[in-house]
Amino acid sequence: MTISNSRIVLAAAAHPDDIEFLMAGTLLDLKHNGYDIHMWNIADGSCGTDSLETDQIVRIRAEEAKASADIAGAKLHPSVTKDIEILYEKWLVAKAAALVRRIKPNILLVPSTVDYMEDHQNAGRIMVTAAFVRGMRNYMTSPPEKPWNGPIAVYHAMPHGLRDPFRKRIRPGQYVDIGGVLETKEAMLGKHVSQKEWLDRSQGIGAYIGLMKSMAREVGTMSGVFEYAEGWRRRSHWGFGSEDYDPLSDALMENCLIDQDYEASLE
């Protein structure tokens with residue numbers, strides 16, 4: 001495996017606004033610590049409406065995502081499929097793998113593979129495979145990109161609602177303090193205007209930004225240290241880097257707390 005001194009992070013999620021809910025604080029903290037930050041919403045948000053035609057809502061949500069990325073100072077990469085069509089399929093893995101090879105991130109932020117929604121779970125699975133095949137010379141990406149075998153650490157975000165599909169609470173392995181960037185994270189989520197009314201009507205989520213803040217506050221309480229936090233579970237190192245490779249902790253230092261009870265529970 002080649003040595004990499006890159007400071008690049010890719011946050012990849014299912015839909016426009018998923019990153020803002022569960023990943024944006026960490027992304028902003030990394031930017032403040034010298035990282036180049038990238039955002040990718042795999043799906044285009046096409047089903048996030050009960051009143052607009054597909055082309056209308058896709059255009060609106062692309063504009064909202066761009067406005068959010070601009071606030072963060074992130075490079076936004078275009079979506080490649082529709083909502084409810086994030087399936088674990090060869091062509092979609094090849095698209096994701098091409099992006100990983102092109103960006104060469106040493107930190108990959110992805111959704112939980114246990115979540116209430118299949119799109120979220122599949123997005124996490126697809127990104128894990130995309131990272132795993134990054135250096136395989138005989139794996140063809142779409143479009144073709146040269147293999148890259150630098151180390152990469154994969155961190156899974158908390159599921160929406162902080163519970164798995166069977167209602168079990170999920171505990172993070174690491175907590176990132178987002179108190180200093182919460183206002184910016186809130187501004188990013190606030191750009192997704194189309195979703196506030198849609199989620200209120202479809203899922204009963206009346207306090208759109210309030211929900212994000214309440215989850216961040218709950219994770220902060222779980223940390224026992226931070227007021228507002230985002231939680232992460234670092235994936236096994238096999239196929240990605242050395243066993244002790246944890247660039248998130250290295251970059252954020254005292255702003256990233258490892259949960260020792262979680263670590264002990266792994267044995």
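## Exercises on strand S1, its cores and a few odd backbones

The side chain of Gln121 comes within 3.2 Å of the backbone nitrogen of Asp115, a polar contact (N or O atoms within 3.5 Å; within protein, one able to donate a hydrogen and the other to accept it, and residues adjacent in sequence count only if both atoms are side-chain atoms). Before we dig in: this is a predicted model, where local features need pLDDT of at least 70, side-chain atom pairs count only at pLDDT 80 or more, and totals for chains, interfaces and linings use all residues. Residues are numbered from 1 along each chain as its sequence is written, and side-chain values use heavy atoms, with hydrogens and water left out.

**Exercise 1.** Work out where Gln121 lies and which residues it touches.

*Solution.* Start with the element: Gln121 belongs to helix H5, residues 118-132 (helices are DSSP runs of H or I with at least four residues, strands are E runs of at least two, numbered from the N terminus). Next, check exposure: its relative accessible area is 12%, so Gln121 is buried (buried is under 20%, exposed over 50%, partly exposed in between, with a 1.4 Å probe and protein chains only). Finally, list the contacts (heavy atoms within 4.5 Å). Skipping residues up to four places away in sequence, Gln121 touches Ser112, Thr113, Val114, Asp115 and Pro165.

**Exercise 2.** Describe how strand S1 is covered and paired.

*Solution.* First, burial: six of the six residues in S1 (residues 8-13) are buried. Then look at directions. In a regular strand the side chains alternate between the two faces of the sheet. Here Ile8, Leu10 and Ala12 point one way, while Val9, Ala11 and Ala13 point the other. Now the partners (strands pair if DSSP finds at least two bridges between them). S1 runs parallel to S2 (residues 36-41), with six bridges, and Ala11 is bridged to Met39. S1 also runs parallel to S4 (residues 107-110), through three bridges; there Val9 has Ile107 as its partner.

**Exercise 3.** Find the residues that touch the most other members of the largest nonpolar core.

*Solution.* Get the term straight first: a nonpolar core is a set of buried Ala, Val, Leu, Ile, Met, Phe, Trp, Tyr and Cys residues joined through side-chain atoms within 4.5 Å. The largest one has 47 residues, and Val9, Met23, Leu27, Leu30, Leu109, Trp232 and Leu248 touch the most other members. Helix H8 (residues 208-223) gives the largest share of this core, six residues. A second, separate core holds 28 residues, among them Leu10, Trp40, Ile103 and Met127.

Now zoom in on H8. Its 16 residues span 23 Å from first C-alpha to last, close to the 22 Å expected (1.5 Å times one less than the number of residues). Its buried residues include Tyr208, Met212 and Val219. Down the axis of H8, the buried residues fall within an arc of 160 degrees, so they line one face of the helix (the arc is that of directions from the helix axis to the C-beta atoms).

**Exercise 4.** Spot the unusual backbone geometry at Asp17, Lys104 and Pro143.

*Solution.* The background: most residues other than glycine have a negative phi, and most peptide bonds are trans. Asp17, in the loop between S1 and helix H1, has a positive phi of about 100 degrees; Asp17 is buried at 6% relative accessibility. Lys104 has a positive phi near 60 degrees, but is partly exposed at 36%. As for Pro143, the peptide bond from Ser142 is cis, with omega near 0 degrees.
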